[in-house]
Amino acid sequence: MTTNAHDAIVVGGGIAGTAAAIALRAAGRTPVIYEAYGPGDAERGVFVTIAVNGVNALRALGTDPAAVLGRGFATPRLALRRASGRLLVELPLGGPLPDGTVTTTIRRADLYTALRAEARARGVEIVYGHRLASARSGPHGVTAEFANGRTVTGDLLVGADGLNSRTRTALDPSAPAPHFLGLLDTGGFTDRPVDPALLPPAGVMQMSFGRRAFLGWAAGPDGRVWWFANPSRRRPVEPGEFTAETWRAHLLDLFAGEPGVRLIEATGEILGPWSTRDLPRVPVWHGDRIVLIGDAAHAVAPSSGQGASMALEDAVVLGHSLREHRDLPAGLAAYEAARRPRVEKVVAHGRRTSGTKVLGPVGAAMRDAMMPLVMRMMHRRGDPQAWIFEHRVPVLTRTPR
C-alpha cells in the first residue's frame, strides 16, 4: 500500500521525533510522525534529566517548559558519594539560571506523552505501528518503506529512530555500529517506605560510586524514590538472559552492604536491564532529502545527562535551518554544520565520565581521595560544564504568555 506524498516524514515518535515535528511545523512544513510502537506500549527507560540547555530548547520550540515538564521535578544539584554513602562533593547540575530555568528530572513516559500532546495540538499526525524497513531518495522525493508493507513518499525524511537507526544505515550502509560502554542500565520507583536516611533533600540528585555498580537516586514529587543503577559488565546483556527474579537477586548481590539494597527491596517492579551504548563519529548525517537527529546521529552516554537535551536542541536547529534556507540540501547542510561540533564534544565528554563509574579497588580509592580537591579546583573559576548548560539555540516560536 502506498500513501500519497507528505511534506515531511518523521521516523520515530520519541523525544527527537516529536520535537522535530513541532519544529518543522514552526518552519512552515506539515510533518507526519511514524512510530514503530503502539500508542499504549510502555516506553523503554525509567526517567530522564532535561538539563537547563534542554529546558531552554523546549522554550525555543514555542512550548511552555512548565507544562511539558509539569510531572517532573527540579534537580539543580548533584551530590556524589562513596559506596558507604559518605559525601564526596556536591555540585551544581546546571542551574538555576538567572531566568529561573532549572534542570528537571521526569519519567520518560511522561515526557513522551507531553511532547506528543504538544505535537498533536499543532496539527501533527502520529501514526503508530510503523517500523522503518528502508528509505531511499531521488531528485523528486524520498520513499519510506515500513515493515508492515506500507510505503510512504514525501519531500523530506527525518530519521529520529534512535540508537539502532534504520535511517542511518539507509544513508550510509557502512555507518558505525553503536559502541557498548561496559555498563548496564536499570532502575525503578519505590512503592514502599525506605530508610529516612536514604531520602535526599528536594532538588538534589544523589549518586554513589558503588563497589560493583553505580547508583543514582532522588526524591520524586509523589513521595517515592526514583533510582537507577549502572552495573559494570564486560559484554552486553542478551534478551531473556535474566528474569525479573534473577535480575533482582543479581542487583541485591551487587549492592550488598550498600544503600542500593534498601531501594531495590522497596521497589516492586525493576525496569531493565539494558546495555548502555554511544556512537562513534557518524560520518554521514544527511543526504539531499534525508537527515538524522538525536540518537540516530550522535547517541551520548547516559552519564552525560544530555541525551534528551541534545535531541531537543537538534530539533530546534533543524527547524531554524530549514526556515532560513529555502533550498532543502542547503538547509540540511546548515543544520549539520551548526550541530556536529557541539554534539561530538558532548559525546566525548559522556564517554569519559562513563569510565569513572565503576573502577577497581585501587582506582576507586584514588578517585575518592582526589575528587573533592579536584572538583574544588575545577570549580574555582565557575562551572567547568558551563559550555554545555549555557548553550542557546535560535528561538523558533516564542511561548505564548
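The following questions and answers concern the cores, strands and charged pairs of a predicted model.

Q: Which helix contributes the largest share of the largest nonpolar core?
A: The largest nonpolar core has 58 residues, and those with the most contacts inside it include Ile 50 and Leu 111. Nine residues, the largest share of this core, come from one helix, spanning residues 307–324. That helix is H9.

Q: How many residues does the second, separate core hold?
A: Apart from the largest nonpolar core, with its 58 residues, there is a second, separate core. Among its members are Phe 180, Trp 247, Leu 263 and Ile 270. The number of residues in this second core is 20.

Q: With which residues is Leu 111 in contact, leaving aside its neighbours within four places in sequence?
A: Leu 111 is among the residues with the most contacts inside the largest nonpolar core, as are Ile 50, Leu 156 and Val 158. In general, nonpolar side chains of soluble globular proteins tend to be buried together. With neighbours within four places in sequence left aside, the contacts of Leu 111 are Ile 15, Val 48, Ile 50, Val 68, Leu 69 and Ile 106.

Q: Which strands stand at the edges of the open sheet of three strands?
A: The order of this open sheet is S3-S7-S4, and its pairing is antiparallel. An edge strand has a single partner strand, so one of its sides is left without a neighbour in the sheet. The strands in that position are S3 (47–50) and S4 (73–74).

Q: Which residue in S7 is the bridge partner of Thr 49?
A: Strand S3 pairs with strand S7 (residues 104–107) in the antiparallel sense, over four bridges. In S7, the residue that forms the bridge with Thr 49 is Thr 105.

Q: At about what angle to S7 does helix H4 run?
A: Helix H4 comprises residues 108–121 and lies across both S3 and S7. These two strands are themselves paired in the antiparallel sense. Relative to S7, helix H4 runs at about 90 degrees.

Q: Why is strand S13 largely enclosed by the rest of the structure?
A: Val 204, Gln 206 and Ser 208 point one way from S13, while Met 205, Met 207 and Phe 209 point the other way, and all are buried. Strand S13 (residues 204–209) is therefore largely enclosed, its buried residues numbering six of the six.

Q: Which strand pairs with S13 in the parallel sense?
A: The pairing of S13 with strand S14 (residues 213–219) is antiparallel, over four bridges, and a hairpin of three residues joins S13 to S14. The parallel pairing of S13 extends over five bridges and involves a strand of residues 77–81. Within it, Arg 81 stands opposite Ser 208. The parallel partner is S5.

Q: Is Glu 313 buried or exposed?
A: Glu 313 is placed in helix H9, and its side chain makes a polar contact of 2.8 Å with the side chain of Arg 339. Its other contacts, leaving aside neighbours within four places in sequence, include Asn 53, Ala 57 and His 391. Buried means under 20% relative accessible area. Because its relative accessibility is 1%, Glu 313 counts as buried.

Q: How many residues apart in sequence are the parts tied together by the salt bridge of Arg 339 and Asp 314?
A: The side chains of Arg 339 and Asp 314 meet in a salt bridge at 2.7 Å, N to O. Arg 339 is buried, with a relative accessible area of 1%, and Asp 314 is buried at 0% relative accessibility. Arg 339 lies in helix H10 (residues 328–354) and Asp 314 in helix H9, so the pair ties together parts whose separation in sequence is 25 residues.

Q: Which residues are joined into one network by salt bridges that share partners?
A: The structure holds 20 salt bridges, one of which joins the side chains of Asp 155 and Arg 29 at 3.1 Å, N to O. This pair links distant parts of the chain, 126 residues apart, with Asp 155 in strand S11 (residues 151–159). Asp 155 is partly exposed at 26%, whereas Arg 29 counts as buried at 15% relative accessibility. Through shared partners, the network comprises Asp 7, Arg 29, Asp 155 and Arg 289.

Technical notes. Residues numbered from 1 in each chain as written. Predicted model: local features only at pLDDT ≥ 70, side-chain atom pairs only at ≥ 80, totals over all residues. Heavy atoms only, no water. Core = buried A, V, L, I, M, F, W, Y, C linked by side-chain atoms within 4.5 Å. Buried < 20%, exposed > 50% of the residue type's maximum accessible area, 1.4 Å probe, protein only. Contact = heavy atoms within 4.5 Å. Pairing = 2+ DSSP bridges. Axes fitted to C-alpha atoms, helices over the stretch in contact; angles between N-to-C directions. Polar contact = N/O pair within 3.5 Å; in protein donor to acceptor, adjacent residues only side chain to side chain. Salt bridge = Lys/Arg side-chain N within 4 Å of Asp/Glu carboxyl O.
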